[in-house]
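Could you walk me through this model in the viewer, stop by stop? I'd like to know what to select next and what is there.

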Amino acid sequence: MQQKTVTTDILDIAYHEYGAPDGWPCIMGHGFPYDVNAYAEAAPIIAEAGARVLVPWLRGYGPTRFRFADTPRSGEQAALGADLLAFMDALGIKRAVVGGYDWGGRAACVVSALYPERVVGLVSGNSYNIQNIARAMEPASPPEEAALWYQYLFHNERGRRALERNRRGFARQLWAMWSPKWAFDDTTFERSAVSFDNPDFVDVVIHSYRHRYALVAGDPAYAAIEAKLAGQPPIRVPTIAIDGDSDGVNPGTAHHARKFEGPFERRVFADAGHNLPQERPAEWAQAVVEVRKAAS
């Protein structure tokens, strides 16, 4: 594994690279509040299957940095998708297997839906991750609403201050609640927690959880992408969608199948929570290899 950095118009994106430089391109994205270490075990397995695996830190995480002080610290879905596309362009990657969960899965879904010619296949934790912002004020069931407590806290300044003052405490609470059967230790958590010290972490997180409820405006640079996403475009690339049966924040996505119009399979990982590639690295890696085979 090597740590590298590539420059786009907006960001200096840091990433981990596994495998041979001439391997088939595979890009995996992490979620909130996690980092590239989610793939520390899965990525080498994928690389052994012949892939060049690239795992970038998202905007606001780890060593990834905004290049300019006046760039809005947006965490909206269009920005995450645009970052993934820019990452591919900067590395000269025309097509890749893409995947991820949570924020990283959202970026992969955005690119798969809007730029399918760039995607060989998709592995998506929690299936169709593109937000339907127009319907964000439609309530879910009481248990689902209770699981989203952190999002509602982030809607006000008390939540911003809470996250700023105790980034690690918030992240660890969410790890424990979202993956109740994952017995991670202090070393595992701290390895990822340093990524939350990024100076833009709080701004990007807060904007993300306010934008998805239409409480704040997005970055005008991504308005055209957001307009396309508002139509909830289908995903037509070969896809393996994955849920954990013990996910403490997402009750399952079987109902998402209608959003996929290409080859599609849904899998459920037993006793797994939200952080799928880190909790079940071998099974996640198998899905990545198999979706590539299905695409070819």
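Here is a short tour that goes from an annotated domain to a pocket, a cavity and two single residues.

**Stop 1: the annotated domain**

Keep in mind as you go that this is a predicted model. Start by selecting residues 29–276, where UniProt, in an unreviewed entry, places the feature "domain: AB hydrolase-1". Colour this stretch by secondary structure and you will find 38% helix and 13% strand. Then pick its two end C-alpha atoms, which are 12 Å apart.

**Stop 2: the largest pocket**

Next, select Gln131, Asn132, Leu148, Asn250 and His256 and centre the view on them. Of the 37 residues that line the largest pocket, these lie nearest its centre. The pocket holds about 1,300 Å³ of space. Now add the helices H3 (102–114), H4 (142–147) and H5 (149–153), the elements that each give two or more residues to this lining. If you colour the lining by residue class, expect 16 nonpolar, twelve polar and nine charged residues.

**Stop 3: the enclosed cavity**

How many cavities of 30 Å³ or more does a search of the whole structure find? There is one, and its volume is about 150 Å³. To reach this cavity, select Pro56, Leu58, Leu80, Asp83 and Leu84, which lie nearest its centre among 18 lining residues. Strand S2 (11–18), strand S3 (24–29), H2 and H3 are the elements that give two or more residues to the lining. H2 gives the most, with four residues. By class, the cavity lining has twelve nonpolar, four polar and two charged residues.

**Stop 4: Met88 on helix H2**

Stay with helix H2, which spans residues 77–90, and select Met88. Is Met88 buried or exposed? Met88 has a relative accessible area of 0%, so this residue counts as buried. Show everything around the residue and, leaving out residues up to four places away in sequence, you will see Met88 touching Ile27, Ile93, Lys94, Arg95, Ala96 and Arg118. For a distance to draw, pick the C-alpha atoms of Met88 and Ile27: they are 61 residues apart along the chain and separated by 8.8 Å.

**Stop 5: helix H9**

Move on to helix H9, residues 201–211. Why is H9 described as largely enclosed by the rest of the structure? Ten of the eleven residues of H9 are buried, and therefore the helix is largely enclosed. The buried residues include Phe201, Val202, Ile206, Tyr209 and His211. To see what they pack against, display strand S5 (65–66), H3, H5, helix H6 (157–165), helix H7 (167–178) and helix H10 (223–229). You met H3 and H5 at the largest pocket, where both give residues to the lining.

**Stop 6: Arg210**

Finish by zooming in on Arg210, which lies in H9. Its relative accessibility is 11%, so Arg210 counts as buried, the cut-off being under 20%. Which residues does Arg210 touch, not counting those up to four places away in sequence? They are Phe154, His155, Asn156, Glu157, Arg160, Leu215 and Val216. Look closely at Phe154: the side chain of Arg210 reaches the backbone oxygen of Phe154 at 2.8 Å. As a last pick, draw the distance from the C-alpha atom of Arg210 to that of Thr5; these residues are 205 apart along the chain, and the separation is 29 Å.

How values were computed:
Residues are numbered from 1 along each chain as its sequence is written. This is a predicted model: local features need pLDDT of at least 70, side-chain atom pairs count only at pLDDT 80 or more; totals for chains, interfaces and linings use all residues. Side-chain values use heavy atoms; hydrogens and water are left out. On a 1 Å grid over the protein atoms alone, a cavity is a set of points where a 1.4 Å probe fits but cannot get out, and a pocket is an open set with protein on both sides within 12 Å along at least five of seven lines; lining residues have an atom within 4 Å of a point. Grid points are joined across faces, edges and corners, and a volume is the space filled by probe spheres set on the points. Ala, Val, Leu, Ile, Met, Phe, Trp, Tyr, Cys and Pro count as nonpolar, Asp, Glu, Lys and Arg as charged, and the others, Gly among them, as polar. UniProt positions are given in the numbering used here, feature names are shortened, and annotations may be inferred rather than shown by experiment. Buried means under 20% relative accessible area, exposed over 50%, partly exposed in between (1.4 Å probe, protein chains only). Contact means heavy atoms within 4.5 Å. A polar contact is a pair of N or O atoms within 3.5 Å; within protein, one must be able to donate a hydrogen and the other to accept it, and residues adjacent in sequence count only if both atoms are side-chain atoms.
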